[in-house]
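User: Please take a close look at the interior of this model. I would like to know what is packed there, and how selected positions elsewhere along the chain compare with it in burial and surroundings.

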Amino acid sequence: KNRPVTIGYSGRLVKAIKRVDRLPELVRCLSDAGVDFRLEILGSGCDGPWLKKQFGGNQKILFHGAKSGDDYWNILRSWDLQINSSDSEGTPVSVLEGLSCGVIPIFPRIDSGGVDYTRRVDPSLVYKPGDMAAAAQCVRHLAQMPAGELDSLRVKCRQAVQAHTPDAYQKTFRSFIAGIDALPRISQDAFDHRPFHLTDHLPLGILSRMLPASLFNR
């Protein structure tokens with residue numbers, strides 16, 4: 001309450017595929033819907049100058065440029081919502097990273113893993129591709145939502161990507177390897193242990209400089 005809703009865009013600033021040319025329309029639709037908002041754009045690309053020109057110094061728009069490390073994560077954590085305007089995506093890492101920070105996604109209904117992750121938070125956050133008026137209505141709905149309901153959505157955001165945390169990944173990987181190791185052996189061949197060769201134990205950098213022929217020995 002009593003502050004603009006902070007909407008973030010994270011990605012390459014290009015018209016092709018990423019369709020950043022839809023962001024000015026989103027801003028117009030948000031204004032028409034009476035939403036008090038702030039749009040923060042994180043990233044760089046060949047169409048960045050064009051995009052800045054379209055906004056004409058609008059004080060509600062902030063360009064961060066490309067960031068990394070703590071600077072990147074601190075910006076991401078400050079957002080309420082994250083908008084995606086693409087025509088095509090795989091599973092955008094920016095969406096997964098935003099979810100891990102509790103940033104609520106608004107994602108187009110395209111052939112992308114991002115749709116599945118967004119639906120895990122709330123199916124109504126998936127909008128018709130290119131329909132920025134519908135995206136603006138998603139923002140308006142969230143901006144009017146009670147704090148308790150928003151907190152519940154943020155919990156769902158973090159839960160949606162729980163399997164991608166380092167601890168969960170290592171546990172899943174170890175479990176997979178243990179499962180393979182426990183299966184009965186199906187190969188019938190048995191091989192003798194390889195004889196000891198000093199070149200097997202030397203760093204590649206030393207071999208390539210001092211004994212390059214050894215790299216091709218059998």
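Analyst: Helices (H or I, at least four residues) and strands (E, at least two) are taken here as DSSP runs, numbered from the N terminus. On that basis, the protein has nine helices and six strands. The protein is more spread out than a compact globule, because its radius of gyration is 24 Å, well over the 17 Å that the globule rule gives for 218 residues. That radius is taken over C-alpha atoms, and the rule is 2.2 Å times the number of residues to the power 0.38. Along the principal axes, the C-alpha atoms fill a box of roughly 75 × 40 × 30 Å.

The model is predicted: local features need pLDDT of at least 70, side-chain atom pairs count only at pLDDT 80 or more, and totals for chains, interfaces and linings use all residues. Residues are numbered from 1 along each chain as its sequence is written, and side-chain values use heavy atoms, with hydrogens and water left out.

Of the 218 residues in the protein, 37% are buried (under 20% relative accessible area; exposed is over 50% and partly exposed in between, with a 1.4 Å probe and protein chains only). Contact means heavy atoms within 4.5 Å. Taking contacts between residues at least 6 apart in sequence, 58% join residues at least 24 apart.

The interior itself comes next. The largest nonpolar core has 45 residues (a core being a set of buried Ala, Val, Leu, Ile, Met, Phe, Trp, Tyr and Cys residues joined through side-chain atoms within 4.5 Å). Helix α6, residues 132-143, gives the largest share of this core, with six residues. Leu23, Phe37, Ile41, Ile83, Ile106 and Leu142 have the most contacts inside the core. Ile83 illustrates the packing: beyond its neighbours within four places in sequence, this residue is in contact with Ile7, Gly8, Tyr9, Leu23, Leu26, Ile106, Tyr127 and Ala135. A second core of seven residues, separate from the largest one, includes Tyr72, Ile75, Trp79 and Val103.

Helix α6 also holds His141. His141 counts as partly exposed because its relative accessibility is 42%. The C-alpha atoms of His141 and Val35 are separated by 9.6 Å, with these positions 106 residues apart along the chain.

Asp36 belongs to the loop between α1 (23-32) and β2 (37-42). Its relative accessible area is 45%, so Asp36 is partly exposed. Apart from neighbours within four places in sequence, Asp36 is in contact with Arg3, Pro4 and Val5. From Asp36 to Lys15, 21 residues apart along the chain, the C-alpha separation is 26 Å.

The loop between β1 (5-10) and α1 contains Ile17, and Arg19 lies in the loop between β1 and α1 as well. Ile17 is not a glycine, yet has a positive phi of about 65°. Arg19, also a residue other than glycine, has a positive phi near 55°. With a relative accessibility of 47%, Ile17 is partly exposed. Arg19 is likewise partly exposed, at 22%.

Val115 gives a buried example in a helix, α5, which spans residues 113-121. Val115 counts as buried because its relative accessible area is 5%. Leaving out neighbours within four places in sequence, the residues in contact with Val115 are Phe107, Pro108, Arg109, Ile110 and Val126. Leu125 is 10 residues from Val115 along the chain, and their C-alpha atoms are separated by 9.1 Å.
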